[in-house]
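User: I'd like a close look at one part of this model, the largest pocket and what sits around it. Could you walk me through it in one go?

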Amino acid sequence: MMVISVGCDGTYSDPLQTPTSEHPDVVLGHLLGKTLAGRHLLLALDPGASLVLDLKALLGGRGEAVISSSSGSSVSLLDAHHPDPFLQRARAEFLRGGHYVAVLAFTSSPDLLLDSLTERWNPDYLVLLSLNSAVNTTRLLMDERIQRSRHIALLETDSAVLEQDTTLLEKSGMLLDQDGSLLEKSGTLLDQDKALLEEDMTLLEKNRLSLKKAGMLLEPNTVLPKYVKTSLKQNLKSTRFNKSFQKGRYRVFTSQPFTPHGRGWGVKLPLGAWREGSNFSDFSALFPERFPTLGGQTLYLGSWCDDFPFLYPGGGGDGDGDRGHGDGDDGDGGGDGDGVHGDGDDGDDGDGGHGDGGVGDGGVGVADGDEGSCIGCGLDLLDMLAGPLNFTYHVQMEPKDHNWGSKNEEDGRWTGMLGDLVYHNKHLVINTFQVIEALVAEFDICYPYHMEDYEFLLSVPPPAPQWKGLLYPLKAEMWGAVLAMTCLVVLLLTICLTLFPDTQDPSTVFLLVVGAEVRQSVPERLGRWWGRVWVGWWWLGCVIITTAYTCNLVAFLTVPVFPRRIETVQELAASGLRVCMQDYGSFVPDALKDSPHDLDLQHLGQNFDLFPYVYLRYDVGLSWLADYTHALIETHSYLAYIVRLHHVSHSTYVMKETVYPGYMSWVLKKNTPYTSRLSVALAHLVESGLVHYLYLKHMDSSSSPNTGAATQTSKVSAGGALQMGQMLGAFMVWGLGVGVASLALAVEFLLLPRLHHHPQQSP
């Protein structure tokens, strides 16, 4: 075992008496040495607890309450009255998660420690050990900073429970019953309190000597700072060290604020007597699930019903906004003021009141308008969880600021649905939000259930002119190679025939070479074998090229030719097209601009246009696409919905390269105690395949019944007759040939008279 002291210096006095089985030293020893054996511990003590507990015996050296040194655990000590230095420098594993078990022992209300806790504080396992029956632990459990923890265990004596129950009775006015029976009982309780007070005074007299010794020990050694000694003196004056250490039995409590208990809720729910730890030797027995159900509570969604296929308008509804299941018991539990049960409407601060517990089966509807109800696979998932977890939910049609949700760089405030979650008393967001660093830092994230990315939609480029169909079978470089080889063969063969005369006239070599390319025979013949071999290989090459050209020409004459499509971000940035998006407060425009490590994305961000948000109206953006001036960016699922809704699947295409891929998750307020409960339930649905099934179900449901028929009728049947536009190139070649022949005729017509005027002279 390793002991690390973090601001808890000083010496500790031994108990005056031999510890009994219910002495705080023994209880804490059993807790640390058995139930929490092998765990890393963060032990926070206030000054009074430092005097009551014998830490030397507990952590280092004697007695059955000593923590075993072979347990492999570590104990870090924290001064609860001066926690700031540690809390500011501590790593996250000390303050959050399940790596450490936080144990807080106190003799007075730990307000100073609680006031020092920031959003970083959220241990999964928290143990509260009350050493003073005067501390109102019920009020302590209601504190939001305590309620953050996933598991909570409270240990206190029976006398503390009796005293706090008496206080609650007095506050509720039950002692003022008309028949006076309860008044007599209250008198009995007051007599018992007087007896306990006298016993406390006797115990204080007995402890004066030890306290004096402790004070004398502090002065010469000056181990503790002056402010700690002052705090100790003040704490000793206000603390009741009564015989509950010896006589009272310790009882164990947890906090289940959504579980009905008595006439209220189980904010302080008893688990049983400590009994030397025999009932709670198992770790899971000490830390049961705090949220087996949500007790019929209503979760208010920060939602926007325009997020296909997760949330989108469906059939008619009654507009009450409640949906789900709940069979919670009736209850009049008063507000606890901690915000755990806050059910304030949008814009309210919430008073944390429990209200009526029973909710019953909720009806389907929307919250903020008469447009109809919201449907989607996200709500289907909530319906599946609402029954087992016993909750209902209230759907918000859209945020008031018409923003999706991002952080304003100017004032640091969140907008949209995330702003509703932080400032407007919403509990859950199930719309499309990807898990990013900024989101994880300031919100709670559930188990990722789906993956989405952002895609670019572009118009299909217009087909190339059909009159160029004769040129398409060969690339430009291939046409250049054929032309160059033709000229080279003509030149070389002419030179060879000039140097080595043959029966072939050198002036007709051009016809011999070109005849092979157009597959036409010529009457000229070569008499020598070297010339025949030369021309034979040329003819063979021409046969291969012309055959390939002819086969390819058939396809290009019958099928339209389209230019090469833009498929990458780099090509899109170089194309000169701008990017557009509907203006609903997405993070994408700012993210594209702030891309210093990717110049292509930065270029797209600098050429970004937004068009006004109107529900399902993308006319402006699609008109820009039709003009070949913009590319539309949107999430994969929603973009597929828009394409089918506006019937532009034949005129548009989705670019292959995508941006900002990421996993989607439900979002809750930071340090929501039931986040893990929802997360585990959602993980079960993901692993069972139900999430993917519901996603595909809603994606398929968006297809129009007439879409298939329209697609079939628009198909071009095979073997259709060639049209004039497809053969326009051939007519242009024929016209070019006629023009050249006409030019030759004109030249001959002009030159022929001159030949007749100059007859050949006889020798």
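Analyst: Sure, starting with the space itself: the largest pocket holds about 1000 Å³. Keep in mind that this is a predicted model. The lining counts 43 residues, and the ones closest to the pocket centre are Gly405, Ser406, Gly585, Ser586 and Phe587. If you're thinking about the chemistry of that wall, the lining splits into 20 nonpolar, 12 polar and 11 charged residues.

Which elements give two or more residues to the lining? They are helix 15 (437-442), strand 16 (450-459), strand 17 (578-583), helix 20 (588-593) and strand 19 (630-635). Helix 20 has the largest share, at 4 residues.

Let's stay with helix 15 for a moment. Ala438 sits in this helix, and the residue is partly exposed, with a relative accessible area of 40%. Its C-alpha atom is 9.4 Å from that of Ser406, although the two are 32 residues apart along the chain. Ser406, remember, is among the residues closest to the pocket centre.

Helix 15 also has a part in covering a neighbour, helix 14. Is helix 14 enclosed or open? Helix 14 (residues 416-423) has 6 of its 8 residues buried, so it is largely enclosed by the rest of the structure. The buried ones are Gly416, Met417, Leu418, Gly419, Asp420 and Leu421. Their cover includes helix 15, along with strand 14 (428-429) and strand 22 (667-668).

Now for the backbone on either side of helix 14. Ahead of it, in the loop between strand 13 and helix 14, you'll find His402. This residue has a positive phi of about 55° despite not being a glycine. His402 is partly exposed, with a relative accessible area of 36%. On the other side, Asn425 comes just after helix 14 and lies in the loop that leads to strand 14. Asn425 also isn't a glycine, and its phi is positive too, near 65°. Is Asn425 buried or exposed? With the cut-off for buried set at under 20% relative accessible area, Asn425 counts as buried at 10%.

One more backbone oddity, if you're checking peptide geometry: Phe308 and Pro309 are joined by a cis peptide bond, with omega about 0°. Pro309 belongs to the loop between strand 9 (297-300) and strand 10 (312-313).

Next, the packing. The largest nonpolar core has 52 residues, and Leu379, Leu382, Phe391 and Trp666 have the most contacts inside it. Elements giving two or more residues to this core are helix 13 (377-389), strand 13 (391-394), helix 22 (619-626), helix 23 (636-645), helix 24 (675-688) and helix 25 (690-701). Helix 13 gives the most, with 7 residues. There's also a second, separate core of 33 residues, and Phe433, Val588, Phe608 and Val667 are included in it.

Finally, zooming out to the whole chain: it has 27 helices and 22 strands. Of its 763 residues, 45% are buried. Among contacts with a separation of 6 or more, 79% are between residues 24 or more positions apart; the Ala438 and Ser406 pair, by comparison, is 32 residues apart. The accessible surface comes to about 39100 Å², and carbon and sulfur atoms account for 58% of that area.

How values were computed: Residues are numbered from 1 along each chain as its sequence is written. This is a predicted model: local features need pLDDT of at least 70, side-chain atom pairs count only at pLDDT 80 or more; totals for chains, interfaces and linings use all residues. Side-chain values use heavy atoms; hydrogens and water are left out. On a 1 Å grid over the protein atoms alone, a cavity is a set of points where a 1.4 Å probe fits but cannot get out, and a pocket is an open set with protein on both sides within 12 Å along at least five of seven lines; lining residues have an atom within 4 Å of a point. Grid points are joined across faces, edges and corners, and a volume is the space filled by probe spheres set on the points. Ala, Val, Leu, Ile, Met, Phe, Trp, Tyr, Cys and Pro count as nonpolar, Asp, Glu, Lys and Arg as charged, and the others, Gly among them, as polar. Buried means under 20% relative accessible area, exposed over 50%, partly exposed in between (1.4 Å probe, protein chains only). Contact means heavy atoms within 4.5 Å. Accessible areas come from the Shrake-Rupley method with a 1.4 Å probe; for residues, only the protein chains shown count as cover. A nonpolar core is a set of buried Ala, Val, Leu, Ile, Met, Phe, Trp, Tyr and Cys residues joined through side-chain atoms within 4.5 Å.
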